[in-house]
Amino acid sequence: MNIPGRRSRVWIYFFFVLLDCCWEAVSGQLSYTVSEEVNVGAVVGNVAKDLNINVQDLEPRMFQIVEGSKKKYFEVNLKTGVLYVNERIDREELCGGDSKCSLSLEAVVNNPLKLYRIEIIILDVNDNFPSFLSTSQVMDISENTATGAKFPLHAAEDADVGKNTVNTYKLSPNEHFSLVTHKGESVTPELVLQKGLDREKQSVIKLTLTALDGGTPAKSGTMTITVNVLDINDNAPVFSQTLYKASVYENLKIGTSIITINATDLDIGQNGQVLYSFSQVGRGKQPNLFAMDEKTGTVTSKGNIDHEENNAFELRIQASDGALSPMKSHAKLLIEVLDINDNAPEISVKSLLKTVKEDASIGTAIALVSVHDRDGGKNAIVNCKISKDTPFKLELNYKNSYSLVVGGPLDRETAPQYNISITATDEGSPSLSNTTIITVHVSDVNDNNPKFIESIINVCVKENSPVGAVMKTVSAVDADIDQNGQVSYSIVKDNTNSLPLTTMININSETGDIISLQSFNYEELNTFQFKVQATDAGVPPLSSNVTVSVLILDENDNNPTILAPYSEHGSVNSETIPYSAEAGYFVAKIRAVDADSGYNALLSYHLSEIKGNNLFRIGTSTGEIRTKRRMSDNDLKTHPLVVLVSDNGEPSLSATVSVEVVVVESAAEIHTRFRNVPIKEDSFSDLNLYLLIAIVSVSVIFLLSLISLIAVRCHRTDSSFSRYSAPMITTHPDGSWSYSKATQQYDVCFSSDTLKSDVVVFPAPFPPVDAELISINGGDTFTRTQTLPSKEKVRLKANNKIR
């Protein structure tokens with residue numbers, strides 16, 4: 001085994017991992033430099049290239065630049081990734097007299113969220129002239145002033161920094177004074193006496209001081225110096241120290257004593273009296289916050305001192321004697337302002353999204369939150385927290401900078417907006433805090449299907465209803481809003497449905513009104529189904545269906561129809577009876593059918609326009625015409641009868657047929673259209689054949705009905721209207737016929753004493769919960785009796801016409 005080689009490879013691997021970590025740590029910050037007053041649109045650098053971000057990813061990942069200032073000085077071209085100047089840059093406006101001026105930007109990119117700090121260093125250009133606070137300075141110098149004496153001069157100020165600020169001073173040529181400069185934080189000039197003064201020769205000396213900056217080309221400013229040569233006062237006051245120091249807390253009460261300075265003068269009398277004051281030389285633009293007692297030298301506060309505005313003050317003080325030509329000496333007073341926790345943290349929020357979608361993933365950035373405390377030290381350490389009852393959280397980016405991100409699932413239907421409370425608390429004693437509320441609106445996505453109010457819709461429509469009538473209005477609701485909540489309706493195409501639904505019905509896509517396109521005929525169609533679909537306008541659209549069952553209600557719109565051998569339309573049919581006919585003798589039987597169903601198809605028979613001696617009667621339910629009594633000599637030989645057949649509908653419809661009864665002398669002359677044999681005949685006649693066929697048919701139908709009943713009980717259909725089917729003709733126990741389109745259950749029995757041995761079929765009850773039995777009395781009247789359905793009865797579904 002090669003152990004040393006393996007160890008060396010491990011060390012090399014560790015070295016590259018460490019190098020990668022270091023590179024990852026510094027890859028989040030960029031630094032660029034740009035000169036102030038550069039043209040708008042000037043290119044600063046290629047951010048996408050420097051951050052190793054593909055230019056094509058800038059827009060999809062919502063790359064943006066966030067600045068802390070109100071103005072947006074820089075912007076990024078999302079097409080090229082170039083960072084360019086967006087507003088005029090004035091370094092002096094941004095940073096004042098600071099030697100280093102920079103702007104901190106934040107580059108934010110999503111999916112995944114990353115933040116990069118970008119520091120833009122603003123370079124100074126020489127765009128400001130040196131200037132003196134006053135255009136002239138008057139100096140009083142005693143004539144006995146020793147050569148080499150120095151006199152401070154007003155320093156010029158230049159808003160520029162670095163080499164562009166005041167660099168040198170020049171003094172106009174003269175024989176008495178020269179110029180020396182001192183370089184510290186700034187260059188200060190002093191006037192040096194090179195040659196003794198003689199007031200009698202020259203009492204006033206005029207000089208010009210020129211200040212030059214170090215820019216290219218250099219800019220300058222001038223000030224006039226007037227020197228008044230004074231008479232002798234040979235001792236100037238002397239301070240006990242050249243630099244005095246004091247410290248005070250901010251917000252000091254006005255009038256509080258800060259420090260007392262001291263100076264002495266060896267002269268006596270008026271020339272030895274010391275007066276204290278602030279020197280106007282080098283005072284600059286410092287606020288007038290302090291006062292000095294000119295006799296005692298005590299310095300007191302006379303304005304509000306704020307550590308956040310100035311943490312220290314450097315004041316020049318002077319002591320002058322009381323001579324007519326006073327001598328002066330100068331010193332410095334440095335006052336340090338101590339901080340107290342008097343500023344609550346400030347919260348700044350920069351929104352990244354106007355609204356957040358309710359399906360936003362966890363970690364999606366909503367806003368950038370930055371906190372700042374104007375205090376210093378421990379008083380400026382700020383902790384930030386968010387209200388706990390919202391699906392959001394704060395993630396720390398770096399010191400005092402946070403990202404407000406989605407921390408849990410959102411549902412607009414439950415909460416369309418959130419008021420998020422952000423609280424920042426410093427670590428001062430006592431601590432101060434500040435709270436701001438951010439309102440986040442949740443935008444809708446199409447995540448809810450339309451829902452119908454009813455799960456199954458049953459519609460009853462009368463036959464012959466007008467075309468265009470509204471059969472039913474369906475309605476569905478969608479919990480979404482706007483486009484996602486707009487519901488439209490349509491009829492679902494079903495290839496398994498043989499009915500031409502498109503020609504039968506239509507639906508209003510906006511209101512859900514189901515409109516009939518044709519007039520329905522119960523005798524042709526009594527029920528049908530279709531599905532309605534509700535679809536929203538979202539992307540992608542969501543939908544739901546509901547089944548609509550339509551039941552056509554029967555109307556009494558069909559007249560009874562007279563069956564052969566008789567006919568209607570006023571035709572006269574002839575029948576013969578013997579003169580010897582007894583009461584109750586059978587003359588003829590009228591049969592009729594009605595295409596309607598139920599009571600609309602229940603027929604009754606009546607005689608009208610009876611002439612003669614009221615010889616005949618007709619069974620109201622059977623249609624049998626019989627004699628009421630024996631013949632007499634007074635009776636006519638020919639009896640015209642008109643039979644009226646009426647249904648039981650509202651209003652009732654009817655049909656008529658004419659029968660002429662002819663009385664003959666003997667039975668041998670009788671020729672009826674129905675029979676030429678006695679009532680009872682042993683031979684096999686056509687009627688017997690019909691009866692046999694009817695019995696066989698009923699038996700077959702009975703067996704099919706049993707099979708169908710078993711199948712239906714094993715597997716019920718969805719529709720409650722499945723018992724309706726094909727048209728049928730039914731005979732009643734008294735020999736009458738009825739026509740119905742409805743498939744119903746029937747009780748089947750046979751009558752042996754009926755003259756023509758008809759098949760008797762009783763309709764089963766409708767609706768199924770109870771029944772109505774019609775019984776025929778001897779007097780050709782019928783009664784209705786309400787009965788309960790019996791499961792033991794033999795039921796027959798008659799789906800074909802009995803021929």
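Here is a short tour of this chain, stop by stop.

**Before you click.** You're looking at a predicted model, where local features need pLDDT of at least 70, side-chain atom pairs count only at pLDDT 80 or more, and totals for chains, interfaces and linings use all residues. Residues are numbered from 1 along each chain as its sequence is written, and side-chain values use heavy atoms, with hydrogens and water left out.

**Stop 1: the whole chain.** Colour by secondary structure and you'll find five helices and 56 strands. Both are DSSP runs numbered from the N terminus: helices are H or I with at least four residues, strands are E with at least two. Of the 803 residues, 41% count as buried, meaning under 20% relative accessible area (exposed is over 50%, partly exposed is in between; 1.4 Å probe, protein chains only).

**Stop 2: the largest nonpolar core.** Select Phe63, Phe74, Ile118 and Ile120. These have the most contacts inside the largest nonpolar core, which has 28 residues. Such a core is a set of buried Ala, Val, Leu, Ile, Met, Phe, Trp, Tyr and Cys residues joined through side-chain atoms within 4.5 Å. Elements giving it two or more residues include strand E1 (29-35), helix H2 (47-50) and strand E7 (114-123). In soluble globular proteins, nonpolar side chains tend to be buried together.

Now zoom in on Ile118. Which residues does Ile118 touch, not counting those up to four places away in sequence? Among them are Leu30, Tyr32, Val47 and Ile65; a contact means heavy atoms within 4.5 Å.

**Stop 3: Asn446.** Go to the loop between strand E31 (433-443) and strand E32 (451-452), where Asn446 is found. Is Asn446 buried or exposed? Asn446 counts as buried, because its relative accessibility is 14%. Show its side chain: a polar contact of 3.1 Å joins it to the side chain of Asp536. (A polar contact is a pair of N or O atoms within 3.5 Å; within protein, one must be able to donate a hydrogen and the other to accept it, and residues adjacent in sequence count only if both atoms are side-chain atoms.) The Asn446 side chain also reaches the backbone oxygen of Pro540 at 2.9 Å.

**Stop 4: Tyr566.** Move to the loop between strand E41 (561-562) and strand E42 (572-578) to find Tyr566. Tyr566 is buried, with a relative accessible area of 2%. Add Val659: the two residues are 93 apart along the chain, with 8.5 Å between their C-alpha atoms.

**Stop 5: Ile707.** Finish in helix H5 (residues 686-714), home of Ile707. Ile707 counts as exposed because its relative accessible area is 56%.
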